[in-house]
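Colleague: I am new to this structure and should like to be taken through it step by step. May I put some questions to you?

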Amino acid sequence: MSTFLTNFMRAARSITDAERCIAFDSDMNMQDYLNIDDAELNKKSFSDLVSAWVEQAIEGQKAVIANNLITDPSEAPKTNVHLKDLRMIVAIPIDGYGAIYLDQPIRRGVFERETVDKITELAHRLSESGDMDLSEEEMTEMYAEL
């Protein structure tokens, strides 16, 4: 299963051009990750944030699009000092297998809703078919056909 989750994570990263990504199994065990150093992974604030969004995606079985700074609009920064740290976050569930987490600095742009919906549809189709042997390239081709 970890090869499947890794391939799906890598395909989603390729499709979205996300900077960082993590694959989790259904029990919230990290299976693989890209472009995140161990120091960041071990920060409680980072792991709590990632866990919250991934758990929400798995429990609700729908993609979560968020950011890393503003969860309550009333707590939004009053100045742009923190905007350089603002990241766009997406957590996409894969029913029965887990979820993937993607993020990138907001200055690089946002993940388009249509793209997220298509990746979510791909995850749904793959989980229904149970075809866990597809390569990253095959998953990317399936995405293009949606």
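Colleague: How many residues lie between β1 and β2 in their hairpin, and which residue in the turn has a positive phi?

Modeller: Please note first that this is a predicted model. β1 and β2 form a hairpin, with 4 residues between the two strands. In that turn, the residue with a positive phi, of about 65°, is methionine 28.

Colleague: How many bridges join β1 to β2, and which residue of β2 stands opposite isoleucine 22?

Modeller: The two strands run antiparallel and are joined by 4 bridges. One pairing sets phenylalanine 24 against methionine 30 as its bridge partner in β2. Opposite isoleucine 22 stands tyrosine 33.

Colleague: Over how many bridges do β1 and β5 pair, and what is the bridge partner of arginine 20 in β5?

Modeller: β1 and β5 pair in the antiparallel sense, over 6 bridges. Within β5, the bridge partner of arginine 20 is aspartate 103.

Colleague: Is β1 largely enclosed or not enclosed by the rest of the structure, and which residues lie on each of its sides?

Modeller: In a regular strand the side chains alternate between the two faces of the sheet. In β1, both faces are covered, with Arg20, Ile22 and Phe24 buried on one side and Cys21, Ala23 and Asp25 buried on the other. Since 6 of the 6 residues of β1 are buried, the strand is largely enclosed by the rest of the structure.

Colleague: What is the order of the strands in the open sheet, and which strands stand at its edges?

Modeller: The open sheet has 5 strands with antiparallel pairing, in the order β2-β1-β5-β4-β3. Each edge strand has a single partner strand, so one side of it is left without a neighbour in the sheet. The strands at the edges are β2 and β3.

Colleague: Which strands does α3 touch, and at about what angle does α4 run to β4?

Modeller: Helix α3 (residues 44–60) packs on the sheet and touches β1, β3, β4 and β5, its direction making about 40° with that of β4. Helix α4 lies across β3 and β4, and its angle to β4 is about 25°.

Colleague: Why do the buried residues of α4 line one face of the helix, and which exposed residues does the face turned away carry?

Modeller: The buried residues of α4 are Thr115, Val116, Ile119, Thr120, Leu122, Ala123, Leu126 and Ser127. Seen down the helix axis, these buried residues fall within an arc of 155°, so they line one face of α4. What covers them includes α1 (2–16), β3 (64–67), β4 (87–94) and α5 (136–145). The face of α4 turned away from the buried side carries the exposed residues Glu114 and Glu128.

Colleague: How far does α4 reach from its first C-alpha to its last?

Modeller: Helix α4 covers residues 113–129, which is 17 residues. At 1.5 Å a residue, 24 Å is expected, and the reach is close to this, at 24 Å.

Colleague: Which element gives the largest share of the largest nonpolar core, and which residues does phenylalanine 8 touch?

Modeller: Among the 27 residues of this core, Phe8, Ile92, Ile94, Ile100 and Met139 touch the most other members. Elements giving two or more residues to the core are α1, β1, β4, β5, α4 and α5, and the largest share, 6 residues, comes from α1. Not counting residues up to four places away in sequence, phenylalanine 8 touches Ile94, Ile100, Ile119, Leu122, Ala123, Leu126 and Met139.

Note on methods: Residues are numbered from 1 along each chain as its sequence is written. This is a predicted model: local features need pLDDT of at least 70, side-chain atom pairs count only at pLDDT 80 or more; totals for chains, interfaces and linings use all residues. Side-chain values use heavy atoms; hydrogens and water are left out. The expected span of a helix is 1.5 Å times one less than its number of residues. Buried means under 20% relative accessible area, exposed over 50%, partly exposed in between (1.4 Å probe, protein chains only). The arc is that of the directions from the helix axis to the C-beta atoms. Contact means heavy atoms within 4.5 Å. A nonpolar core is a set of buried Ala, Val, Leu, Ile, Met, Phe, Trp, Tyr and Cys residues joined through side-chain atoms within 4.5 Å. Two strands pair if DSSP finds at least two bridges between them. Axes are lines fitted to C-alpha atoms, for helices over the stretch in contact, and angles run from 0 to 180 degrees between N-to-C directions.
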